[in-house]
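Biologist: Got a minute to go through this one with me? Let's put it up and start from a single residue.

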Amino acid sequence: MRKLVALGNPAAGGVDGDAREAVLEVLRGGADVEDVVLRSPGDLDAALDAYADRVPVVLGGDGTLHAVVAALLRRGEAAARPVGLVPLGTGNDLARALDVPLDPRAAARIVLDGRERPLDLLVDERGGVVVNAVHIGVGALASERAAPLKPVLRRAAYAAGALIAGVRGRGWRLRVTVDGQVVGDGRRRVLMVGVGNGTSIGGGTPLMPGARPDDGLADVVVSYTVPPWSRLAFALLLRLGRHQRRDDVLTFRAREVRVEGEPAPANADGEPRPPATRRSWTVHPAAWRLIAPGG
């Protein structure tokens, strides 16, 4: 019988208490389960220490998964200790990319019966991780605008935030380098830079629809600033996953990405990051494992 430790914060946004109890019921029907509520940052490492022989199962969204994978990498356990995922967050974008069911009970059954799938990891210049995607610029502003709207609009909050940010944003002068090649020299303002292993952000917005989380490469999207009326068209095509057809949108695949220039806000796995003048990411292939659908 598989030994699990369920990790999550029932007080976090998007986590439904009844759904969480239903998940635990399913897990306990096929595994030995310990349930740990994460109320403070120190609780995570304490749980991983106390239950070192158990598979950590995230009951939450991309932010909680991000925290667990970051902790495992810091502890030197990411490659050896698989992670289960039951998506109880608002966006759940990595779950969407990996076909993990959004129905909590179905996802719990995957934890019991799925296979361990090696996945790539983006690691930044400070050792921080990205499990799904990081985006700089207007997308990060959209997430900030969406935050107060989530309790009411749920997934639709990101679309509303994107509309507000997209119309108001002027863009940033950013120099973008992929695998040593300069693809944006900073003279033309950039509306958004996206880097990721997953396909979507903001609860299903397909920023990088062709991305694969296990091919050793990150997908990169660079969108240049255009007049406000054209930004609305970009936003619509982005929601449809057809934005990459535009002349003001460039796409690349790379192992290393560097962004430098004017301070711009960022968002990594749904969590805001403060404006910075320099950021970089390197793909670490097969750096961690998720229990995913499949035989």
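**Around one valine**

Modeller: Let's take Val69, which sits in helix H3, residues 62-74. Keep in mind that this is a predicted model.

Biologist: Okay, is Val69 buried or exposed?

Modeller: Buried: the relative accessible area of Val69 is 1%, and the cut-off for buried is under 20%.

Biologist: Which residues does Val69 contact, if we skip its neighbours within four places in sequence?

Modeller: Leu121, Val131 and Trp288.

Biologist: And how far is the C-alpha of Val69 from that of Val129?

Modeller: They're separated by 7.9 Å, with their positions 60 residues apart along the chain.

Biologist: Back to Trp288. What else does Trp288 touch?

Modeller: Leaving out residues up to four places away in sequence, the list for Trp288 includes Leu65, Ala78, Val83, Leu94, Arg117, Pro118 and Asp120, along with Val69, Leu121 and Val131. Trp288 is also among the residues with the most contacts inside the largest nonpolar core, together with Leu7, Leu65 and Val86.

Biologist: How many residues are in that largest core?

Modeller: 46. Another core lies apart from it, with 25 residues, among them Val130, Ile136, Trp172 and Leu174.

Biologist: Switching to the whole chain: how many helices and strands?

Modeller: There are 9 helices and 13 strands. The chain has 295 residues, and 52% of them count as buried.

Biologist: What about long-range contacts, 24 or more positions apart?

Modeller: Those make up 71% of the chain's contacts with a separation of 6 or more.

Biologist: Last one: what's the accessible surface of the chain?

Modeller: About 12,700 Å², and carbon and sulfur atoms account for 51% of that.

Note on methods
Residues are numbered from 1 along each chain as its sequence is written. This is a predicted model: local features need pLDDT of at least 70, side-chain atom pairs count only at pLDDT 80 or more; totals for chains, interfaces and linings use all residues. Side-chain values use heavy atoms; hydrogens and water are left out. Helices (H or I, at least four residues) and strands (E, at least two) are DSSP runs, numbered from the N terminus. Buried means under 20% relative accessible area, exposed over 50%, partly exposed in between (1.4 Å probe, protein chains only). Contact means heavy atoms within 4.5 Å. A nonpolar core is a set of buried Ala, Val, Leu, Ile, Met, Phe, Trp, Tyr and Cys residues joined through side-chain atoms within 4.5 Å. Accessible areas come from the Shrake-Rupley method with a 1.4 Å probe; for residues, only the protein chains shown count as cover.
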